[in-house]
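Biologist: I would like a careful look at one acidic side chain and then at its wider setting. Please take the reply step by step.

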Amino acid sequence: MCKTHRKWMLGGSLLFNLGLLFFFKYFDFFWEAWGKVFSMVGGRLPDKPFDVLLPVGISFYTFQALGYMLDVYRGKIEPEKNFFRYALFVSFFPQLVAGPIERSDRLLRQIHFIERIDVWNYDNIAHGLMQMVWGLFQKMVIADRVAVIVNTVFGNYYIYGTVPLVIGAVGFALQVYCDFASYSSIAIGAAKVMGFDLMENFDTPYFARSISEFWRRWHISLSSWFRDYVYIPLGGNRCSRLRKYLNLFLTFVVSGFWHGAGWTFLAWGMLHGTYQIVGDLTKGCRQKVNAFLHTKTESFSYKAAQTVITFALVDVAWIFFRAGGIRVSLDYCVRMATKWDPWSLFNEEVYSLGLNRFECNILAAGTAVLLLVDLVRYKKRQTFSEFLAEQCIWFRWGVLLAMLAAILVFGMYGIQFDSKQFIYFQF
């Protein structure tokens with residue numbers, strides 16, 4: 001096939017897939033935006049002719065299909081001639097609705113040699129089940145529990161002062177991490193049980209010491225997808241500094257828009273793009289200041305300070321991701337910075353955010369377990385299941401049974417708690 005035909009086929013495929021994504025995900029957003037524009041000039045759009053229901057996880061499997069087409073066009077892989085293999089690649093059910101967004105040279109290659117998979121491999125089943133248990137613990141013990149606090153604070157932010165608002169913001173950072181990482185763990189574990197290896201999607205992101213490092217650790221499959229298929233094709237960093245910053249900013253704008261049809265998601269993406277640009281612009285200045293002050297940049301305190309500052313910046317951006325509008329997000333941030341009441345740390349106000357003292361203690365214990373596991377991962381560069389597999393059988397089974405007991409006893413069950421779907425199902 002000649003190059004011109006290949007380009008036309010790629011263009012048609014991109015138009016078809018992105019057209020479907022645009023219609024299902026952004027039709028309502030742009031209809032409302034155009035309606036506001038028309039109203040500003042005295043006009044009026046007709047009533048919306050129909051409602052669009054968003055298919056679950058459409059952004060994930062659309063990007064997976066787009067990655068396959070771009071890899072074929074670039075000659076990175078050969079076109080898959082078996083329709084059923086390709087269909088399995090696009091609709092592989094463990095990661096279908098919320099990732100990880102797999103690459104064709106990984107998952108499709110495994111599917112191509114599916115007959116060689118040892119379905120009853122003990123190590124695969126053990127590793128997969130351990131990973132799934134850890135995912136369920138993150139979701140049911142931590143994410144769904146802290147969601148009660150987050151919903152209470154964000155739903156009534158205008159009545160709270162600094163401490164509850166900080167708790168709500170930090171709580172959402174914890175919720176979105178445990179919620180999304182738990183689905184990835186369950187998906188990776190389920191695939192492992194069946195003999196498939198999916199890529200890791202999270203690598204202790206809140207231990208990052210810079211925003212760029214955070215994005216190398218957070219939602220790795222998506223951030224690497226944008227790097228390979230958006231940032232680098234735009235020119236990446238192989239151009240002038242100004243163009244590099246523009247490429248970086250546009251990539252994060254697209255990332256924000258991918259997450260949802262709303263101005264808050266765009267603001268979230270723009271914030272992260274701005275963080276990275278400012279970080280790069282001030283890098284030389286910060287190095288000079290450290291040299292002048294003889295700062296021990298390898299000391300624990302310096303690294304801890306970098307981690308705390310990075311987390312604070314990420315957490316501020318999460319407020320825009322969670323809040324219901326730009327004005328709400330800004331008002332939330334202003335109140336959080338100005339309505340300081342130190343006595344609220346020592347009264348019962350922190351126990352009136354939806355969880356009683358006992359539930360807060362469970363949440364604190366679960367968060368401590370999460371911190372310990374992430375610390376082990378950060379130091380040993382291993383997944384949870386890989387670490388457990390290296391331990392003696394008594395320790396391994398003790399940890400697994402304790403987690404299963406915590407899920408069964410302290411998981412969010414009952415009519416007093418709403419069942420929380422995974423956050424990223426809406427994307």
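What is the relative accessible area of Asp-280?

Modeller: Asp-280 has a relative accessible area of 28%, so it is partly exposed, where buried means under 20%, exposed over 50%, and partly exposed in between, with a 1.4 Å probe and protein chains only. This is a predicted model, in which local features need pLDDT of at least 70 and side-chain atom pairs count only at pLDDT 80 or more, while totals for chains, interfaces and linings use all residues. Residues are numbered from 1 along each chain as its sequence is written, and side-chain values use heavy atoms, with hydrogens and water left out.

The side chain of Asp-280 meets that of Lys-244 in a salt bridge at 3.4 Å, N to O; the term requires a side-chain nitrogen of Lys or Arg within 4 Å of a carboxyl oxygen of Asp or Glu. This pair links distant parts of the chain, since Lys-244 lies in helix H9 (residues 241-259) and Asp-280 in helix H10 (residues 263-281), with their positions 36 residues apart. Helices are DSSP runs (H or I, at least four residues), numbered from the N terminus.

The structure holds 14 salt bridges. One of them joins Lys-303 to Glu-298, with the closest N and O atoms 3.4 Å apart; Lys-303 is partly exposed, at a relative accessible area of 27%, whereas Glu-298, at 60%, counts as exposed. A network of salt bridges with shared partners joins Arg-103, Arg-227 and Asp-228. Within it, the closest N and O atoms of Arg-227 and Asp-228 are 2.9 Å apart, and the two ends differ in cover, as Arg-227 is partly exposed at 44% relative accessibility while Asp-228 is buried at 15%.

Turning to the interior, the largest nonpolar core has 97 residues, and those with the most contacts inside it are Phe-63, Tyr-206, Trp-218, Trp-318 and Tyr-332; such a core is a set of buried Ala, Val, Leu, Ile, Met, Phe, Trp, Tyr and Cys residues joined through side-chain atoms within 4.5 Å. Helix H5 (residues 122-155) supplies the largest share of this core, 14 residues. Leaving aside neighbours within four places in sequence, Tyr-332 is in contact (heavy atoms within 4.5 Å) with residues including Val-153, Phe-154, Tyr-157 and Ile-319.

A polar residue is also covered: Thr-310, placed in helix H12 (residues 300-322), has 6% relative accessibility and therefore counts as buried. Beyond residues up to four places away in sequence, Thr-310 touches Ala-208, Arg-209, Ser-210 and Ile-211. By contrast, Trp-394 in helix H16 (residues 393-410) counts as exposed, because its relative accessibility is 74%.

Two backbone positions also deserve attention. Most residues other than glycine have a negative phi. Thr-204, however, has a positive phi near 45°; this residue sits in the loop between helix H6 (162-193) and helix H7 (211-217) and, at 1% relative accessibility, is buried. His-294 likewise has a positive phi, about 55°, although it is not a glycine. His-294 belongs to the loop between helix H11 (283-293) and H12, and with a relative accessible area of 68% it is exposed.

Methods. Helices (H or I, at least four residues) and strands (E, at least two) are DSSP runs, numbered from the N terminus.
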